[in-house]
Amino acid sequence: MKSIVSTGRGGSGKTSFIALLAKYLRPKNSLLLIDADPDENLAEMIGVNLEKEKIKTISSVLFDIQKGEVPEELKSLPRPNQIEYMFHTCLYEGTGFDLFSLGTKWTVGCYCHPNNILRSIIPRLSINYDYTLIDSPAGLEHLNRKVTSEVNDIFAIIDPSKKSFDNVKRAGRIAEEIGIKYNNFYAVANYRFSQEMGGLIEKKTGLRYLGKINYDKSLEEYTFNGKSLLDLPEDSPAFVSVKKIMEKIDQEKKEI
Ligand SMILES: Nc1ncnc2c1ncn2[C@@H]1O[C@H](COP(=O)(O)OP(=O)(O)OP(=O)(O)O)[C@@H](O)[C@H]1O
Ligand SMILES: [Mg+2]
């Protein structure tokens with residue numbers, strides 16, 4: 001049971017990274033994927049149409065509960081229990097992975113409450129899987145949503161811009177400040193970095209730099225055409241990059 005979360009600026013490649021990680025881990029592990037981005041790209045990138053599958057987002061279930069739109073037999077229960085009961089309507093069960101999506105942001109009035117409930121549901125659910133992979137929205141505000149208080153690895157996907165370096169430093173600070181516990185905070189250079197520039201990352205951020213995701217024309221075509229990244233060829237450059245990064249982590253662990 002291990003949890004991994006992506007972070008980084010808009011369009012840096014967070015969702016592609018999580019999708020490719022799922023492709024890498026799926027053959028040997030059970031996976032729970034959590035789409036924490038209100039734009040809900042992750043499902044699409046791995047070929048799942050939640051609407052068509054009639055799977056609800058967590059937000060929409062919370063809104064239903066707020067409006068009292070729950071099955072008659074649940075109406076007398078406290079809200080946290082109603083959410084527990086309704087949760088199964090949010091879980092998509094795929095081949096080799098399950099997935100749920102948080103959906104749109106909650107209104108200020110109900111902000112804390114659902115987060116607390118999720119924070120208790122996610123760890124209990126995660127226990128049943130080898131890996132929980134969380135795809136984050138751009139920016140840092142999601143960290144404040146703090147839907148999970150403990151993760152093993154944070155992967156910051158960095159693009160070649162000063163803003164991106166500032167962003168990753170702030171992400172580290174915020175995580176510390178609001179008390180998100182993690183074991184590793186890794187940096188990965190996105191496909192727009194040149195090979196040489198990648199080396200700067202460790203110097204500039206103080207984070208452990210794992211390597212670069214190579215530019216991948218087929219990935220671009222797949223996302224443009226709405227095809228699942230899980231079906232990318234094994235030798236596609238971006239997938240090979242993710243594989244190398246994960247093998248590097250495994251190798252380092254063996255050496256310790
Ligand atoms: N290795 C790559 N090679 C070529 N293009 C890539 C690569 N990785 C990502 N892209 C392109 O960059 C775009 C953004 O990628 P992605 O959606 O993964 O980023 P993101 O950080 O999740 O974005 P957002 O902040 O909007 O959630 C995609 O349309 C994809 O085509
Ligand atoms: Mg994304």
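Strand β2 is largely enclosed by the rest of the structure, because four of its five residues are buried. This assignment, like those that follow, rests on a predicted model. Confidence across the chain averages a pLDDT of 88. At least 70 is reached by 91% of the residues. Among the elements, helix α1 (residues 14-25) has the highest mean pLDDT, 98. The lowest mean, 62, belongs to helix α6 (residues 141-145).

The surroundings of β2 begin with its two partner strands. On one side, β2 (residues 31-35) is joined to β5 (residues 131-135) by five bridges. These two strands run parallel. Within this pairing, L31 stands opposite Y131, and L32 has T132 as its bridge partner. Five bridges also link β2 to β4 (residues 97-101), again in parallel. Here I34 stands opposite F100. In general, side chains in a regular strand alternate between the two faces of the sheet.

These pairings belong to an open sheet of eight strands. The strand order is β3-β4-β2-β5-β1-β6-β7-β8, and the pairing is mixed. Strands β3 (92-93) and β8 (208-212) form the edges, each pairing on one side only. In the strand order, β2 sits between β4 and β5.

Helices pack against this sheet. Helix α7 (residues 162-177) lies across three strands: β1 (2-8), β6 (150-158) and β7 (181-189). Its direction makes about 165 degrees with β6. Helix α11 (residues 237-255) also packs on the sheet, where it touches β7 and β8. The angle between the directions of α11 and β8 is about 150 degrees.

Helix α11 also meets helix α1. A packed helix pair is described by the angle and the distance between the two axes. For α1 and α11, the axes come within 9 Å and cross at roughly 70 degrees. An angle of 65 to 115 degrees counts as roughly perpendicular, and the two helices are therefore roughly perpendicular to each other. From α1, the contact involves S16, F17, L20, L21, K23 and Y24. These meet A238, F239, V242, K243 and M246 of α11. By class, the contact comprises eight nonpolar residues, one polar residue and two charged residues. The α1 side of this contact thus comes from the element with the highest mean pLDDT in the chain.

How values were computed
Residues numbered from 1 in each chain as written. Chains lettered and ligands numbered in written order. Predicted model: local features only at pLDDT ≥ 70, side-chain atom pairs only at ≥ 80, totals over all residues. Pairing = 2+ DSSP bridges. Contact = placed C-beta atoms within 7 Å. Axes fitted to C-alpha atoms, helices over the stretch in contact; angles between N-to-C directions. pLDDT = per-residue confidence, 0-100. Buried ≥ 20, exposed ≤ 12 C-beta atoms within 10 Å, placed from the backbone. Parallel < 35°, antiparallel > 145°, perpendicular 65-115°, else oblique. Nonpolar A, V, L, I, M, F, W, Y, C, P; charged D, E, K, R; others polar.
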